[in-house]
Amino acid sequence: IMGRNAVREAVKSGRSIDRILVSKELDGSLREVVNLARDNNIQIREVDRYKLDEICMPFGHGGKPGNHQGILAQVPGVEYCDISDILRAARDKDEKPFIILLDGVEDPHNLGSIIRSAECAGAHGVIIPKRRSVGLTASVAKASAGAVEYMKVARVTNINTAIAELKDKGVWVFGTAAEGSIPMYKADLTIPAAIVIGNEGEGLSQLVRKNCDVMVSIPMKGKISSLNASAAASILLYEAVRQRIG
C-alpha cells in the first residue's frame with residue numbers, strides 16, 4: 001500500500017500490516033503516520049528513498065516508480081468479500097442496498113477513484129469481475145486515498161451471474177450509457193439499487209445491457225459525448241445520494 005493517506009487509513013482501519021517502510025527523511029505528515037503506526041505496535045523500518053523507489057517501480061509508469069510519498073505498508077494481501085457480505089452490510093445499517101458494479105474497468109486509477117467516491121457516497125459495496133478488469137492493486141489503493149480499507153469489494157467470476165443474484169435479492173440494476181432510455185434524474189434510485197459502469201472504451205457489454213432492469217443516461221450539454229468512467233460513476237452515485245437524502 002503506497003502513499004501517506006492510504007497507509008494512514010490502513011493503520012486506522014486495523015488492517016493486518018506486516019511492516020511499514022518509511023523514508024529516513026521524515027517530515028511532519030510522515031512523522032504523524034509513523035507515530036500512529038507505533039501506537040498500533042506495527043513494525044517500522046526506515047530506509048533510503050531509493051529503496052522505496054525500487055519496491056514501487058512495478059506500480060509506476062513511464063520508467064518512474066509509483067508515487068509512494070516516502071512511505072509504504074507491506075500487507076498480507078487483499079481480502080475480497082462476497083455479494084452476501086455487501087447485502088448484509090446494508091441490512092446491518094437498516095438501509096436499502098446501494099451498490100456499484102463495474103463491467104470491465106481496466107484503469108487502476110479509475111477503479112481507485114470509483115471506490116473513493118463510493119465510500120464517500122455511502123455505497124455498501126463495489127463488485128468487479130475477475131477477468132478483463134483491474135483488481136485491488138497497490139495503485140488502486142493509492143488512487144482510492146485509503147477508501148479501499150473501508151469499502152467492501154466483491155470479485156466475481158461472471159458479472160451477469162452477479163446481476164442475476166442481486167435481482168433475486170430484490171435489487172434493481174441500472175445500466176449506464178449515453179443512449180440510456182431515461183435521464184438519471186428520472187430513475188428511482190431510492191429503491192434497492194445497483195449502478196453498472198462500463199469499460200472505459202467500449203462501455204457496457206451487450207449481455208450486461210440486456211440484463212439490466214433500466215438503462216439511464218447522464219445529460220450531456222457539451223460537444224464531447226462521453227465522460228471518464230470514474231467521473232460518470234461519481235455523478236450517478238451522488239444523484240442517488242440526492243434522491244435518498246431528499
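**Entry 1: Glu9 and its surroundings**

I began with Glu9 in this predicted model, and I found Glu9 to be buried, with a relative accessible area of 16%. Glu9 belongs to helix α1. I then looked up which residue far along the chain could be paired with Glu9 by C-alpha distance, and noted Val148. The C-alpha atoms of Glu9 and Val148 are separated by 8.9 Å, although the two residues are 139 residues apart along the chain.

**Entry 2: salt bridges**

How many salt bridges does the count come to? The count comes to eight salt bridges, and I followed up several of them individually.

I took the pair of Glu149 and Arg15, whose closest N and O atoms are 2.9 Å apart. Glu149 sits in the loop between α6 (138-143) and β6 (153-156), and Arg15 sits in the loop between α1 (4-12) and β1 (19-23), so this salt bridge ties together parts that are 134 residues apart in sequence. I also checked the burial of both partners: Glu149 is buried at a relative accessible area of 16%, while Arg15 is partly exposed at 22% relative accessibility. The cut-off matters for this reading, because buried means under 20% relative accessible area.

My second pair was Lys24 with Asp48, whose side chains form a salt bridge with an N to O distance of 3.4 Å. Lys24 lies in the loop between β1 and α2 (28-39), whereas Asp48 lies in the loop between β2 (44-47) and α3 (49-56), and I recorded the pair as a link between distant parts of the chain, 24 residues apart. For Asp48 I noted 34% relative accessibility, which counts as partly exposed.

The third pair was Lys167 with Asp213, for which I noted an N to O distance of 3.6 Å in the salt bridge between their side chains. Lys167 lies in helix α7 (residues 159-168) and Asp213 in the loop between α8 (206-211) and β10 (214-217), so the bridge ties together parts that are 46 residues apart in sequence. I looked up the accessibility of each partner and found Lys167 partly exposed, with a relative accessible area of 34%, and Asp213 partly exposed, at 34% relative accessibility.

**Entry 3: polar contacts of Ser139 and His124**

I turned next to Ser139, which lies in helix α6 and is buried, with a relative accessible area of 11%. Which backbone oxygen lies 3.2 Å from a polar atom of the Ser139 side chain? I found that this oxygen belongs to Phe59.

I then looked at His124, which is placed in the loop between α5 (108-121) and β5 (125-129). Is His124 buried or exposed? I recorded His124 as buried, at 4% relative accessibility. The side chain of His124 makes a polar contact with the side chain of Glu95, and I noted the distance as 2.7 Å.

**Entry 4: positive phi values**

I looked for backbone angles that stand apart from the general pattern, since most residues other than glycine have a negative phi. Gln69 has a positive phi near 55 degrees and is a residue other than glycine. I located Gln69 in the loop between α3 and β3 (71-74), where Gln69 is partly exposed, with a relative accessible area of 28%.

Asp94 also has a positive phi, near 55 degrees, in a residue other than glycine. I placed Asp94 in the loop between α4 (83-92) and β4 (98-103), and I recorded Asp94 as exposed, with a relative accessible area of 73%.

**Entry 5: surface patches**

Which residues gather in a patch of negative charge on the surface? I listed Glu106, Asp107, Glu200 and Glu202. From this group I followed up Glu202, which is placed in the loop between β9 (193-198) and α8 and counts as exposed, at 71% relative accessibility.

I also looked up a nonpolar surface patch, which is made by Met220, Leu227 and Ile235 and covers about 220 Å². Of these residues I checked Leu227, which I found in the loop between β10 and α9 (229-245); Leu227 counts as partly exposed, at 37% relative accessibility.

Technical notes
Residues are numbered from 1 along each chain as its sequence is written. This is a predicted model: local features need pLDDT of at least 70, side-chain atom pairs count only at pLDDT 80 or more; totals for chains, interfaces and linings use all residues. Side-chain values use heavy atoms; hydrogens and water are left out. A salt bridge is a side-chain nitrogen of Lys or Arg within 4 Å of a carboxyl oxygen of Asp or Glu. Helices (H or I, at least four residues) and strands (E, at least two) are DSSP runs, numbered from the N terminus. Buried means under 20% relative accessible area, exposed over 50%, partly exposed in between (1.4 Å probe, protein chains only). Patches are made of residues with over 30% relative accessible area and no salt bridge: like charges are joined within 9 Å, nonpolar side chains (Val, Leu, Ile, Met, Phe, Trp, Tyr) within 5 Å. Accessible areas come from the Shrake-Rupley method with a 1.4 Å probe; for residues, only the protein chains shown count as cover. Lys and Arg count as positive and Asp and Glu as negative; His and the chain ends are not counted. The place of a charge is taken as NZ of Lys, CZ of Arg, CG of Asp or CD of Glu. A polar contact is a pair of N or O atoms within 3.5 Å; within protein, one must be able to donate a hydrogen and the other to accept it, and residues adjacent in sequence count only if both atoms are side-chain atoms.
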